[in-house]
Each structure stands twice: as C-alpha cells, then as structure tokens.
Amino acid sequence: MVVQAGAIIEADDVFHDTDVQVFTSNGTWTKPTAAKRVFVEVVGGGGAGGGANATAAGQWSFGDGGGAGEYRAGWFDASSLGATETVTRGAGGTGGTGTGASGATSSFGAHISANGGGGGAVRTATGTANFSADATARAGGSGGSGGDFAFSGGAGGSGIGITSTAGVGQRGGDGGKGHASGQSYGQSNAAGVIGGQYGGGGSGASNGASQSAVSGGSGANGVIIVTTFI
C-alpha cells in the first residue's frame with residue numbers, strides 16, 4: 001500500500017477518472033457515481049486591512065494588514081461522505097475606515113473546515129511616530145478542524161507612521177499571504193488593496209496630514225476544491 005498525504009491508498013486501487021469541482025460561493029457537492037476517494041481542500045476568507053482616520057495638520061494615521069485564511073486538506077473514502085455535502089465558502093472581511101473585519105470560515109460538510117484571518121487594527125491619528133506592536137488582531141487563520149494537514153494563514157504586516165508629509169512618512173501594513181494566495185501591499189496616503197485570491201488578507205490604508213478617512217482593503221474570499229477519484 002501507499003501512504004499519500006496522511007491517507008492510505010491500497011496498491012490495487014485503480015482510478016479511471018477524476019471529477020474536480022471548485023466552489024467560489026456557497027453550494028452543494030454531489031458525490032459522483034462510482035466515486036472511490038475524495039481529496040478536499042478548503043481555504044478560509046482573508047481578513048480586511050485596517051483603515052486610516054481623518055487627519056488634521058501635522059497628523060498621520062494608518063492601518064495594519066489583515067491576516068490570510070487558513071488552508072486545510074484531507075483525503076476521504078467516498079463511502080464516508082454523504083450523497084451530497086453542504087459547501088460553505090468563507091467570505092473575506094470587508095474593509096472600512098476602522099478595524100478591518102475578520103474573514104469567515106470555509107467548510108465541506110462537517111468533515112473539514114478552515115478559519116478566516118483576523119482583521120487589521122487602525123491607529124488613531126497622531127503626530128507622534130508610531131508603529132504596530134500588537135499582532136493579535138491581524139493573525140492569520142488557524143485552528144480549523146478535520147483533514148490530514150493544515151497551514152496557518154500568514155499574519156498581516158505592521159503599518160508605520162513617522163511624518164505627516166502625505167505619501168512620504170506613513171504606510172499601511174501588507175496583507176497576509178496564504179497558502180493559496182499572493183500578497184497585497186500596504187499603501188502610502190491611500191486606501192488599502194484587496195487581498196490576493198484565494199483567502200489573502202487586505203492591506204492597510206494610510207493618511208498623511210489633512211486627509212479624509214479612507215478604508216482598508218477587503219480580504220479575499222476563500223475557496224473549496226473537491227477532487228474525486230473514480
């Protein structure tokens with residue numbers, strides 16, 4: 001027998017075909033006829049980046065990047081799954097001018113789930129040099145359930161502010177990079193950028209002096225990929 005990704009596949013197993021279904025929204029998986037083994041991958045939604053406050057003369061504000069969603073995967077005997085399974089795609093957190101919203105959990109029935117990333121914090125308008133020291137609010141997704149292996153989402157990056165000159169001395173934090181996503185980068189004196197697909201964290205916004213409040217980038221939605229061996 002062969003051990004693959006934590007699952008045991010008997011040497012006499014013969015697969016004649018595969019069926020791949022990619023869920024980018026909520027839906028229902030229907031088990032194909034004659035299914036033998038099923039490989040399920042789930043990615044949680046990315047957290048949104050923090051926004052930036054409105055600023056007065058001599059002030060700046062910035063947000064941290066959102067964390068990326070968790071990735072989990074696992075092998076299942078087709079006989080252990082229902083004829084249909086509910087598939088829930090975790091949405092990315094929505095960006096705003098305050099603390100970014102966390103990403104939602106993605107799941108395949110009750111068999112496997114991956115948690116979303118945390119939202120980035122926003123740093124109040126100030127004229128004192130500051131940077132983000134607290135990573136709790138922008139942690140990558142982790143702690144889901146089921147499957148054979150998992151990768152935590154990357155944490156969002158710290159923003160920084162050192163001068164009030166617009167576009168020079170302030171920058172939002174980078175969005176967290178996930179197992180299935182690229183990375184979005186923090187902006188200077190601008191709104192944040194949406195996270196990379198799938199499940200990437202949105203980047204943080206930043207403002208120099210005398211600016212209106214701007215939003216952090218929304219996190220990217222998660223995804224569920226179900227590969228059935230027939």
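1. How many bridges join strand β14 to β15, and in which sense do the two strands run? In this predicted model, two bridges join β14, which covers residues 160-161, to β15, and the pair runs antiparallel. Within that pairing, Ile-160 is the residue that stands opposite Arg-171 of β15.

2. The β14/β15 pair belongs to an open sheet of three strands, whose order is β12-β14-β15 and whose pairing is antiparallel. Because β12 (130-131) and β15 each have a single partner strand, they stand at the edges, and one side of each is left without a neighbour in the sheet.

3. Taken as a whole, the protein chain contains zero helices and 17 strands. Its C-alpha trace spans about 70 × 30 × 25 Å along the principal axes, and buried residues account for 48% of its 230 residues. When contacts between residues at least 6 apart in sequence are considered, 69% of them join residues at least 24 apart. The area that the protein chain exposes comes to about 9,200 Å², of which carbon and sulfur atoms supply 51%.

4. A second sheet deserves a separate comment. This open sheet has four strands in the order β4-β8-β9-β10, paired in the antiparallel sense. Its edge strands are β4 (27-30) and β10 (112-114), each of which pairs on one side only. On average, and with direction ignored, neighbouring strands of this sheet are turned by 15° against each other. As general background, the strands of a sheet pair through backbone hydrogen bonds, and the pairing can be either parallel or antiparallel.

5. The register between β4 and β8 can be followed residue by residue. Strand β8 takes in residues 84-88 and pairs with β4 over four bridges in the antiparallel sense. Gly-27 stands opposite Val-87 of β8, while Thr-30 stands opposite Thr-84 in that strand.

6. β8 also pairs with β9, the strand of residues 106-108, and here two bridges are formed, again in the antiparallel sense. The bridge partner of Thr-88 in β9 is Ser-107.

7. Which side chains of β8 point to the buried face, and which point to the other? Glu-85 and Val-87 point to one face and are buried, whereas Thr-84, Thr-86 and Thr-88 point to the other face and are not buried. This follows the general pattern in which the side chains of a regular strand alternate between the two faces of the sheet. A colleague inspecting the model may note that Val-87, a buried residue, is the one opposite Gly-27, and that Thr-84, which is not buried, is the one opposite Thr-30.

8. On the surface, Val-20, Val-22 and Tyr-198 together make a nonpolar patch of about 250 Å². Of these residues, Val-20 is found in strand β3, which runs over residues 18-23.

9. Finally, Gly-182 lies in the loop between β15 (170-171) and β16 (206-207). Gly-182 counts as partly exposed because its relative accessibility is 33%, a value that falls between the 20% limit for buried and the 50% limit for exposed residues. With residues up to four places away in sequence left out, Gly-182 touches Gly-176, Lys-177, Gly-196 and Gln-197. The C-alpha atoms of Gly-182 and Gly-201 are separated by 9.3 Å, the two residues being 19 residues apart along the chain.

Key: Residues numbered from 1 in each chain as written. Predicted model: local features only at pLDDT ≥ 70, side-chain atom pairs only at ≥ 80, totals over all residues. Heavy atoms only, no water. Patch = residues over 30% accessible without salt bridge, like charges linked within 9 Å, V, L, I, M, F, W, Y side chains within 5 Å. Areas by Shrake-Rupley, 256 points an atom, 1.4 Å probe, with all protein chains shown as cover. Salt bridge = Lys/Arg side-chain N within 4 Å of Asp/Glu carboxyl O. Buried < 20%, exposed > 50% of the residue type's maximum accessible area, 1.4 Å probe, protein only. Contact = heavy atoms within 4.5 Å. Pairing = 2+ DSSP bridges. Axes fitted to C-alpha atoms, helices over the stretch in contact; angles between N-to-C directions.
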